[in-house]
Amino acid sequence: MPKIRVMIIDDSIMFRTFLTQTFTKDPLLDVVGCYSDPIEAEKHLAADRPDVMVVDMEMPKMRGDEFLRKILPTNKNLKAIVVSSLSGNVFNAMQAGAIDFIGKPGSHPGYDKDQFVPDIIQKVKVAAAAHVIRPGAPQPGASALARTAPPPRRSVLGATTKSLIAIGASTGGTEAIIEVIKNFPANTPGVIIVQHMPPVFTRMYAERVDKLIPMKVREAQNGDRVERGTMLIAPGGDQQFYLRQDASGYYVSLSAGQKVSGHCPSVDVMFESVAKTAGKNAVGVILTGMGADGAKGLTELRKTGAHTIGQDEESCVVYGMPMVAYNMGGVSEQLPLSSIGDAVLKRFS
């Protein structure tokens with residue numbers, strides 16, 4: 001098997017050295033170039049022929065997202081992983097076509113080099129095998145944060161107070177989720193989301209999405225009510241995310257727990273709690289992602305009579321989670337990403 005050719009771009013010589021040593025120890029990875037800034041790296045692209053770039057987010061001469069927006073459209077098979085120290089600009093990089101991102105060691109409590117090493121190696125390997133999907137990028141320098149939220153196309157009239165939408169995603173999911181929800185009207189039934197993401201970044205992501213759609217979006221806190229017009233994103237970290245119900249309706253519960261299906265929060269845990277609490281009143285959606293998290297839970301949800309939707313292979317960055325859910329019989333309807341949002345809303349027409 002040919003080695004994965006990796007290019008490193010970071011303005012810190014210490015971090016470049018650390019990454020080079022990390023990748024060199026893996027027999028499947030080959031560091032073909034190591035540069036201090038994007039301008040220098042661009043000069044060597046043709047000669048180095050990297051499969052995957054590992055790009056720092058914040059650099060003096062050019063930000064990582066600006067660099068990716070410049071080079072990815074003309075390098076069709078090049079994949080990129082962005083390394084960031086708590087910068088909301090990382091989501092601009094995802095919009096520009098990066099496969100995934102990762103926080104630098106020390107970017108959040110408890111995240112050190114020992115955890116970073118296996119994480120970055122896995123992400124590079126996943127990126128190398130990922131399906132390249134170049135989104136319709138805005139003009140250079142434009143930011144998704146500057147977009148005006150689209151007006152509601154229609155009201156969601158058929159929903160009841162028991163109606164609910166649950167979405168799970170991983171690699172490639174930050175942009176996939178936005179594609180699904182971008183036209184959800186302000187009175188859409190409550191939405192809960194698990195997107196595999198490091199702590200703090202989930203709050204940044206919620207703040208970003210809140211500016212893009214008519215619904216109110218925020219990172220969930222323990223006890224938050226799940227109501228019409230509200231979208232709650234599970235916080236990254238060490239807490240599992242559950243849907244609960246009391247006399248007043250649905251709410252979410254966060255509690256410390258072990259990883260399930262390799263993750264905390266886990267899509268499986270969320271879907272299983274939705275199956276027990278909302279059952280057939282819910283619509284479940286599983287999007288692009290590596291592994292099998294969410295497949296078991298979505299299958300349980302479908303058994304209650306809920307409608308479940310899986311993203312199809314062609315539109316997935318990584319056809320892992322939706323594939324396993326489909327093969328387990330957990331998917332009522334498999335659709336391209338561009339059709340999923342309308343399909344969800346039709347369930348409440």
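The following exchange asks how terms applied to this predicted model are justified.

Trainee: Why is the contact between Lys-43 and Glu-40 called a salt bridge?

Mentor: The cut-off is 4 Å between a side-chain nitrogen of Lys or Arg and a carboxyl oxygen of Asp or Glu. For Lys-43 and Glu-40 the N to O value is 3.6 Å, so the pair meets the definition.

Trainee: What separates Lys-43 and Glu-40 within helix H2?

Mentor: About one helical turn, because they are three residues apart in H2, which covers residues 38–43.

Trainee: Which of the classes buried, partly exposed and exposed fits Lys-43, and which fits Glu-40?

Mentor: Exposed means over 50% relative accessible area, and buried means under 20%. Lys-43 has 60%, so it counts as exposed. Glu-40 has 29%, which places it between the limits, as partly exposed.

Trainee: What makes Asp-56 and Lys-104 a salt bridge, and what does the pair tie together?

Mentor: Their side chains meet at 3.5 Å, N to O, and the limit is 4 Å. Asp-56 is in strand S3 (residues 52–56) and Lys-104 is in the loop between S5 and H6, so the pair ties together parts 48 residues apart in sequence.

Trainee: How do you know whether Asp-56 is buried or exposed, and likewise Lys-104?

Mentor: The limit for buried is under 20%. Asp-56 has a relative accessible area of 4%, so it is buried; Lys-104, with 14%, is buried as well.

Trainee: Where do Asp-100 and Lys-123 lie, and how far apart are their closest N and O atoms?

Mentor: The closest N and O atoms are 2.9 Å apart. Asp-100 belongs to strand S5 and Lys-123 to helix H6, so this salt bridge joins parts 23 residues apart in sequence. Asp-100, at 12% relative accessibility, counts as buried, whereas Lys-123, at 22%, is partly exposed.

Trainee: Which residues are joined into one network by salt bridges that share partners?

Mentor: Asp-10, Asp-56 and Lys-104. The whole structure has 14 salt bridges.

Trainee: What makes the phi of Arg-49 worth listing?

Mentor: Most residues other than glycine have a negative phi. Arg-49 has a positive value, near 50°. Arg-49 sits in the loop between helix H3 (45–48) and S3 and, at 52% relative accessibility, counts as exposed.

Trainee: What is the phi of Ser-261, and where does Ser-261 lie?

Mentor: Phi of Ser-261 is also positive, near 55°. Ser-261 is in the loop between S11 and H9, and its relative accessible area of 42% makes it partly exposed.

Trainee: What kind of peptide bond joins Cys-264 and Pro-265?

Mentor: A cis bond, with omega about 5°. Pro-265 is in the loop between strand S11 (249–256) and helix H9 (267–277). Most peptide bonds are trans.

Trainee: Which residues touch the most other members of the largest nonpolar core?

Mentor: Met-53, Leu-68, Ile-167, Phe-184 and Leu-287, in a core of 58 residues. Leu-68 touches residues including Val-55, Pro-73 and Ala-98. A second, separate core has 28 residues, among them Phe-241 and Tyr-250.

Trainee: How much space lies in the largest pocket, and which residues are closest to its centre?

Mentor: About 960 Å³. Closest to the centre of the largest pocket are Asp-119, His-196, Lys-259, Gly-262 and His-263, out of 37 lining residues. Helix H6 gives the most to the lining, with five residues.

Technical notes. Residues are numbered from 1 along each chain as its sequence is written. This is a predicted model: local features need pLDDT of at least 70, side-chain atom pairs count only at pLDDT 80 or more; totals for chains, interfaces and linings use all residues. Side-chain values use heavy atoms; hydrogens and water are left out. On a 1 Å grid over the protein atoms alone, a cavity is a set of points where a 1.4 Å probe fits but cannot get out, and a pocket is an open set with protein on both sides within 12 Å along at least five of seven lines; lining residues have an atom within 4 Å of a point. Grid points are joined across faces, edges and corners, and a volume is the space filled by probe spheres set on the points. Helices (H or I, at least four residues) and strands (E, at least two) are DSSP runs, numbered from the N terminus. A nonpolar core is a set of buried Ala, Val, Leu, Ile, Met, Phe, Trp, Tyr and Cys residues joined through side-chain atoms within 4.5 Å. Buried means under 20% relative accessible area, exposed over 50%, partly exposed in between (1.4 Å probe, protein chains only). Contact means heavy atoms within 4.5 Å. Lists of a residue's contacts leave out its neighbours within four places in sequence.
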